[in-house]
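Okay, thanks for squeezing me in. Let's pull the structure up on the screen and walk through it together.

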Amino acid sequence: MAKPFLPNASEVLSRSKLPLYLQLAAEFRRNIAQGIWMPDQQIPSLEALMAQYQVARMTLRNAIGILEEEGYIRRGRGKGTFVQRNIPNVTELQIPSNWEETVALSDLLGTESIADGEHAIASLPDLGMKFSGQYAKAYRHLCRLHVKDGVPYCFSEVYLAEDLFKQHKAAFLKAAAASVIARIPGLKIHEARQKITISGAGIESARALNLNVDDSVAEVRRYACDKEKLIYYARLEFPTKFVKLEFDLCP
């Protein structure tokens with residue numbers, strides 16, 4: 001499947017401060033992911049790509065070199081460049097749509113500490129969504145990186161009701177908060193809500209997730225309450241390349 005000629009490709013590429021060859025590498029990965037360039041298929045020649053994207057030959061060589069290093073394509077002397085039969089697999093994460101799925105995702109990802117608040121704080125930052133219930137008297141702030149197979153998937157800032165944190169401190173310091181909460185005997189979640197926004201990575205999250213500042217991330221804000229008060233609030237950032245949203249549209 002070939003893409004149509006892109007008459008404004010150079011104008012679109014010039015909008016970004018990212019080097020051209022990195023933008024083209026991202027475009028070519030997308031071509032492979034979307035099936036425009038199929039496994040074992042020869043990709044267009046440099047001349048064809050130069051005409052399509054209106055860029056220099058060396059820029060294209062650099063972009064294609066990145067994909068070759070990443071295992072997406074192979075080059076045969078005198079034969080051309082082909083998409084690999086088995087391309088690298090990027091794990092997709094289904095953003096949870098309920099508390100049970102939140103716990104399941106927390107169980108899937110490993111947890112590494114970035115910073116642990118030494119003292120309780122009196123109030124939470126803006127939740128970014130409606131909440132009319134009761135707050136705890138104080139909260140403990142934890143900053144975390146969540147990984148899978150050594151790959152950073154999620155940066156999180158978590159706030160836990162101080163009394164709950166003190167009772168289960170050892171568990172909260174080594175595991176994802178939702179996983180710990182789900183396993184506390186007698187604790188039942190009576191209300192939970194989340195909001196998803198596409199945003200840009202900040203300095204802390206960019207460092208943790210190996211991104212550039214303002215790279216696209218899915219920001220998830222989430223809270224959970226027991227029968228009395230809000231016991232858990234988290235603000236999480238997922239690189240959008242890992243994020244999947246899938247819903248059943250039929251009731």
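So, the centres of domain 1 and domain 2 sit 38 Å apart, going by C-alpha atoms. Keep in mind that this is a predicted model. Domain 1 runs over 9–83, and domain 2 covers 93–244.

Let's do the core stuff. Which residues have the most contacts inside the largest nonpolar core? Those are Leu160, Phe172, Leu230, Tyr232 and Phe238, in a core of 40 residues. Several elements each put in at least two residues, among them α5 (99–108), β5 (139–148), β6 (151–161) and β8 (216–225). The largest share is from β9, with seven residues.

Click on Tyr232 for a second. Leaving out residues up to four places away in sequence, Tyr232 touches Trp99, Leu160, Ile181 and Arg222, including also Val158 and Tyr223.

There's also a second, separate core, with 21 residues, and Ala25, Ile32, Leu49 and Leu60 are included there. As background, nonpolar side chains tend to be buried together in soluble globular proteins.

Now over to helix α2, residues 20–33. Quick sanity check: with 14 residues at 1.5 Å a residue, α2 should span 20 Å, and the end C-alpha atoms are 20 Å apart, so that agrees.

Which residues of α2 are buried? We've got Gln23, Leu24, Ala25, Glu27, Phe28, Asn31 and Ile32. The cover over those buried residues includes α1 (9–13), α3 (46–53), α4 (57–70), β1 (73–76) and β2 (80–83). And just after α2, you'll find Gly35 with a positive phi of about 80°.

That's my tour, happy to take questions.

Methods
Residues are numbered from 1 along each chain as its sequence is written. This is a predicted model: local features need pLDDT of at least 70, side-chain atom pairs count only at pLDDT 80 or more; totals for chains, interfaces and linings use all residues. Side-chain values use heavy atoms; hydrogens and water are left out. Helices (H or I, at least four residues) and strands (E, at least two) are DSSP runs, numbered from the N terminus. The expected span of a helix is 1.5 Å times one less than its number of residues. Buried means under 20% relative accessible area, exposed over 50%, partly exposed in between (1.4 Å probe, protein chains only). Contact means heavy atoms within 4.5 Å. Domain bounds come from an automatic or database domain assignment. A nonpolar core is a set of buried Ala, Val, Leu, Ile, Met, Phe, Trp, Tyr and Cys residues joined through side-chain atoms within 4.5 Å.
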